[in-house]
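Have a look at the structure below and turn it around a little. We will walk through one helix and then one sheet.

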Amino acid sequence: MRAALSGLTTRGRSFLAAGIAAGACAYVLGQADLLRVGLLLAVLPLVCAVVLHRTRHRVAGSRGLTPHRVETGTEARVHLRMDNISRLPTGLLMLQDHVPYMLGPRPRFVLDRVEAGGRREVSYRVRSDLRGRFALGPLQLRLTDPFGMCELTRSFSAYDMLTVVPRTEPLPPVTLSGESAGYGEGHQRSLALAGDDDIIPRAYRHGDDLRRVHWRSTARYGELMVRREEQPQRARCTVLLDTRAIAYEGGGPDSAFEWAVSGAASVLVHMLERGYSVRLLTDTGSTVPGDGAEGFAGSGQNAADAAGLMMDTLAVVEHSDGAGLSRAHDVLRGGHEGLLVAFVGDLDEEQAALAARMRQRGGAAIAFLLDSGTWLTGGAVAGAVEDRLRRLREAGWTAVAVPPGTRLAPLWQQTAGTRNQAPAADTYGGWS
């Protein structure tokens with residue numbers, strides 16, 4: 001009875017209260033007809049509540065999310081499906097799905113009577129201007145009786161996760177400095193270090209091409225030897241994202257930090273499309289993906305899976321409590337040559353000197369420097385920023401200051417143009 005009374009609607013409670021009042025008045029006034037009316041008013045909501053609770057409605061609910069990963073400002077569609085798997089038809093059904101307020105208002109639907117074995121499908125859209133991971137659910141179902149006297153609320157336990165990743169910007173294919181060492185293309189030629197083609201001549205095996213016979217080694221070892229061959233090796237690219245809280249001021253979708261996150265995502269996708277082995281590195285020293293060689297997405301790993309993993313990481317990346325770039329410097333120190341693209345915030349003298357030493361010898365390095373003060377005021381680049389740019393360029397970086405609200409594609413094109421300039425220390429871009 002307690003469960004039945006808890007499900008009474010406002011109408012049901014009003015009928016019950018009116019019935020009790022009519023019964024009390026009938027007792028005081030001695031009116032038998034009024035007593036019958038009061039009993040009818042009081043019993044009707046109770047009967048509806050008991051019948052609704054004892055009716056075995058078996059309803060199955062499911063949710064479909066398409067797609068599961070979207071960019072900021074892009075819509076995703078959610079499909080809800082209700083199946084009546086019982087032998088009895090249902091009454092009026094009210095559906096309500098729980099969604100975070102960042103994705104929009106809470107969707108509600110009213111479904112008419114669902115016949116036995118019937119199905120109803122509805123859908124709604126969600127979008128967010130903020131990146132992150134958002135849980136959709138649980139789905140709530142409300143059953144009501146034909147008179148609207150009582151309703152039951154049941155919740156399904158299934159959740160779905162929507163990942164909102166940073167918006168990416170298509171970048172033009174440019175010729176980057178350092179391509180002479182093989183970093184401008186997705187593959188470069190290198191002597192084989194493992195596999196069928198060993199670094200030293202090996203013994204002849206049945207089926208080997210006789211044109212690969214190394215006659216000098218054959219004469220030396222007294223048996224037929226085959227020579228090593230060249231095989232393709234994927235060029236590497238490291239995208240460094242500075243997430244230090246002290247390096248950025250302000251917040252929101254138009255802040256300098258969000259521009260840096262979106263820029264890192266754009267470069268990651270662009271370099272993967274060009275065939276590079278790519279990794280994401282933050283100032284905390286963590287690399288994504290971490291299962292490849294030295295944290296890179298190896299050649300055997302699907303590029304789409306690697307991009308998805310790094311984009312999921314950027315969807316939830318937040319400010320770090322670190323004060324410097326020393327951990328990232330330790331990861332880069334002693335590493336192999338490759339392209340380095342960095343998105344950094346405010347740098348003091350010490351951090352600017354540390355960042356200048358991150359450039360690998362023989363590898364190209366591009367830095368996009370964001371001054372949070374400039375982004376907050378919308379003014380011109382300060383003199384301190386120009387000094388940081390000069391220091392990076394003297395160390396061989398192609399350093400570019402990012403004005404507020406600037407798109408990445410023109411800046412990316414600008415980094416390629418600096419390669420054709422004179423190789424002076426104070427030349428814009430610092431190519432040498």
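Let us begin with helix H2, which covers residues 10–29. At 1.5 Å a residue, its 20 residues should span 28 Å, and the end C-alpha atoms are indeed 28 Å apart, so the expected and the computed values agree. Keep in mind that this is a predicted model.

Which residues of H2 are buried? They are Gly12, Leu16, Gly19, Ala22, Gly23 and Ala26. If you look down the axis of H2, these buried residues fall within an arc of 130°, so they line one face of the helix. Now turn to the face of H2 that points away from the buried side: here you find the exposed residues Thr10, Ile20, Val28 and Leu29. Just after H2 comes Gly30, which takes a positive phi of about 70°.

Next, the sheet. Four strands build an open sheet, in the order S5-S4-S8-S9, with antiparallel pairing. Strands S5 and S9 are the edge strands, and each pairs on one side only. From one strand to the next, the twist averages 20°.

Here is where to find the strands along the chain:

| Strand | Residues |
|---|---|
| S5 | 108–111 |
| S4 | 93–97 |
| S8 | 139–144 |
| S9 | 151–155 |

How many bridges join S4 and S8? Strand S4 and strand S8 pair in the antiparallel sense over five bridges. To see one spot where residues face each other, find Met94, which stands opposite Arg142 in S8.

Terms used
Residues numbered from 1 in each chain as written. Predicted model: local features only at pLDDT ≥ 70, side-chain atom pairs only at ≥ 80, totals over all residues. Heavy atoms only, no water. Pairing = 2+ DSSP bridges. Helix = DSSP H or I, 4+ residues; strand = E, 2+ residues; numbered from the N terminus. Axes fitted to C-alpha atoms, helices over the stretch in contact; angles between N-to-C directions. Expected span 1.5 Å × (residues − 1). Buried < 20%, exposed > 50% of the residue type's maximum accessible area, 1.4 Å probe, protein only. Arc of directions from axis to C-beta.
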